[in-house]
Amino acid sequence: MFHNYQVFKFFILLILFIASSLIISISVNIAEASDVKKGEELFTQKGCGACHTIGKGKLSGPDLLGVTQRREEGWLKKWLKSPDTMVFTDPIAKEMLKEFMVPMPNVGLTDEQVNYLFEYLKNEDKKIKK
Ligand code: HEC
């Protein structure tokens, strides 16, 4: 009886161990697929990098390093959602258009995608303070 109980305990511990490793690996995966990561993926998928760098200078569009510090969150989210209309109505955007000559295209981002991109840009800006 006693021997069997030890075996039983061993298996329970083994199951608990496997279950907790599973939970840990699942939560690591969730952390990796965080908003910042999704934003980074969108930045590539949506072709933002064709016109923007983050910290490597101007292309057809402005360098986005520090953009979450020079613009307000609300302004940026509105911009990412509808640059094509804002460029003709918003004073900041009109100034930028004068410098860059090309209007940024609307790539049809959802509100969720706008948030991911914002989180990504904000995270990049954290790297400024060294
Ligand atoms: C075809 C080139 C092009 C693409 C593609 C593009 N942009 Fe732009 N972007 C611009 C230009 C040009 C401006 C400056 C305003 C203007 O002239 O329309 C700008 C402005 C911005 C600004 C404001 C910068 C500031 O200093 O206030 C942000 C933020 C931005 N773009 C993010 C993005 C993101 C994110 C994507 C991808 C979803 C993207 N852009 C795709 C050309 C582009």
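This report walks through the ligand shell, the nonpolar core, one helix pairing and one unusual backbone angle. Keep in mind that the model is predicted.

**Around the ligand**

Let's start with the ligand, which has 27 residues around it. The closest of them are Cys 48, Cys 51, Gly 61, Met 96 and Met 104. Sorted by class, the shell comes out as 21 nonpolar, four polar and two charged residues. Three helices, α4, α5 and α6, each put at least two residues into this shell. The top contributor is α6, which supplies four residues.

Here's a quick guide to the helices that come up in this report:

| Helix | Residues | Role in this report |
|---|---|---|
| α2 | 35–45 | packs with α7 |
| α4 | 73–81 | at least two residues in the ligand shell |
| α5 | 83–89 | at least two residues in the ligand shell |
| α6 | 91–100 | at least two residues in the ligand shell |
| α7 | 111–126 | four residues in the largest nonpolar core |

**α6 and what comes after it**

How many of the ten residues of α6 are buried? The count is zero, so to speak a helix that is hardly covered. Just past its end, Met 101 adopts a positive phi of about 70°. Most residues other than glycine have a negative phi, and Met 101 is a residue other than glycine with a positive value. Met 101 sits in the loop that runs between α6 and α7. Is Met 101 buried or exposed? It counts as exposed, because Met 101 has 8 C-beta neighbours inside 10 Å, and the cut-off for exposed is 12 or fewer.

**The nonpolar core**

Now for the largest nonpolar core, a set of six residues: Leu 64, Leu 80, Tyr 116, Leu 117, Tyr 120 and Leu 121. Helix α7 gives the most here, with four residues. As for Leu 80, leaving aside residues up to four places away in sequence, its contacts are Leu 109, Val 114 and Leu 117.

**How α2 meets α7**

Helix α7 also packs with α2, at an angle of about 100° and with the axes 7 Å apart. That angle makes the two helices roughly perpendicular, because 65 to 115 degrees is the range for that label. On the α2 side, the contact involves Asp 35, Val 36, Lys 38, Gly 39, Glu 40, Leu 42 and Phe 43. The α7 side brings Gln 113, Asn 115, Tyr 116, Leu 117, Glu 119, Tyr 120 and Asn 123. By class, that contact has six nonpolar, four polar and four charged residues.

Key
Residues numbered from 1 in each chain as written. Predicted model: local features only at pLDDT ≥ 70, side-chain atom pairs only at ≥ 80, totals over all residues. Near = placed C-beta within 6 Å. Nonpolar A, V, L, I, M, F, W, Y, C, P; charged D, E, K, R; others polar. Core = buried A, V, L, I, M, F, W, Y, C linked by C-beta atoms within 7 Å. Buried ≥ 20, exposed ≤ 12 C-beta atoms within 10 Å, placed from the backbone. Contact = placed C-beta atoms within 7 Å. Axes fitted to C-alpha atoms, helices over the stretch in contact; angles between N-to-C directions. Parallel < 35°, antiparallel > 145°, perpendicular 65-115°, else oblique.
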